[in-house]
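User: Hi! I have this model open on my screen, and I would like a close look at a single part of it. Could you walk me through one loop residue and then its surroundings?

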Amino acid sequence: MKTWSSKFPWHQHAAGESFFVTSLDVVVTLNQGLRVGRKVLGKHVHIIGRPGIHNGLLGVLFTVQPRRQRRDTSETPAPDEP
């Protein structure tokens, strides 16, 4: 049996990259992959898993979403009007 790190290679993929895991039971694979991904990458990372068919094989496509840039919410001083 494969280890979790070889079946779900989260540490090998940067934000915005994806990998496909073949499986006959996509619901179990989706739940396991999301659980392992959150343990490896942390809970602050947005992970998406989509069941589907790739090259004729059934499985789940996992994607690590890039972090959105935070908006500066500090108040900027208004320009002086003459």
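**A serine and its surroundings**

Analyst: Happy to! Let's begin with a side-chain pairing: the side chains of Ser23 and Thr29 make a polar contact at 2.5 Å. Please keep in mind that this is a predicted model, and the distance is computed from it.

Where does Ser23 lie? Its place is the loop that runs between β1 (18–22) and α2 (26–41). Is Ser23 buried or exposed? Ser23 counts as buried, because its relative accessibility is 14% and the cut-off for buried is under 20%. If neighbours within four places in sequence are set aside, the residues in contact with Ser23 are Thr29, Leu58 and Gly59. Thr29 is thus a partner in the polar contact and also appears in this contact list.

Leu58, another contact of Ser23, leads us out to the surface. Together with Leu24 and Ile53, Leu58 makes a nonpolar surface patch of about 370 Å². Ile53 sits in strand β2 (residues 47–54) and counts as exposed, because its relative accessible area is 67%, with over 50% as the cut-off.

A little further along comes Asn55, in the loop between β2 and β3. Its phi is near 55 degrees, a positive value in a residue other than glycine. Asn55 is exposed as well, with a relative accessible area of 68%.

Now for the interior. The largest nonpolar core has 13 residues, and the ones touching the most other members are Phe8, Trp10, Phe19 and Phe62. Two or more residues come from each of β1, α2 and β3 (57–64), and α2 gives the most, with four. So the loop of Ser23 joins two elements, β1 and α2, that both feed this core. Trp10 shows how the core is knitted together: beyond its neighbours within four places in sequence, its contacts include Phe19 and Phe62, along with Gly33, Val36, Val40 and Ile47.

Finally, let's step back to the whole chain. Two helices and three strands follow one another in the pattern α-β-α-β-β. Of the 82 residues, 27% are buried. Among contacts with a separation of 6 or more, 59% are between residues 24 or more positions apart. The chain exposes about 6700 Å², of which carbon and sulfur atoms supply 53%.

Definitions and conventions. Residues are numbered from 1 along each chain as its sequence is written. This is a predicted model: local features need pLDDT of at least 70, side-chain atom pairs count only at pLDDT 80 or more; totals for chains, interfaces and linings use all residues. Side-chain values use heavy atoms; hydrogens and water are left out. Patches are made of residues with over 30% relative accessible area and no salt bridge: like charges are joined within 9 Å, nonpolar side chains (Val, Leu, Ile, Met, Phe, Trp, Tyr) within 5 Å. Accessible areas come from the Shrake-Rupley method with a 1.4 Å probe; for residues, only the protein chains shown count as cover. A salt bridge is a side-chain nitrogen of Lys or Arg within 4 Å of a carboxyl oxygen of Asp or Glu. Buried means under 20% relative accessible area, exposed over 50%, partly exposed in between (1.4 Å probe, protein chains only). A polar contact is a pair of N or O atoms within 3.5 Å; within protein, one must be able to donate a hydrogen and the other to accept it, and residues adjacent in sequence count only if both atoms are side-chain atoms. Contact means heavy atoms within 4.5 Å. A nonpolar core is a set of buried Ala, Val, Leu, Ile, Met, Phe, Trp, Tyr and Cys residues joined through side-chain atoms within 4.5 Å.
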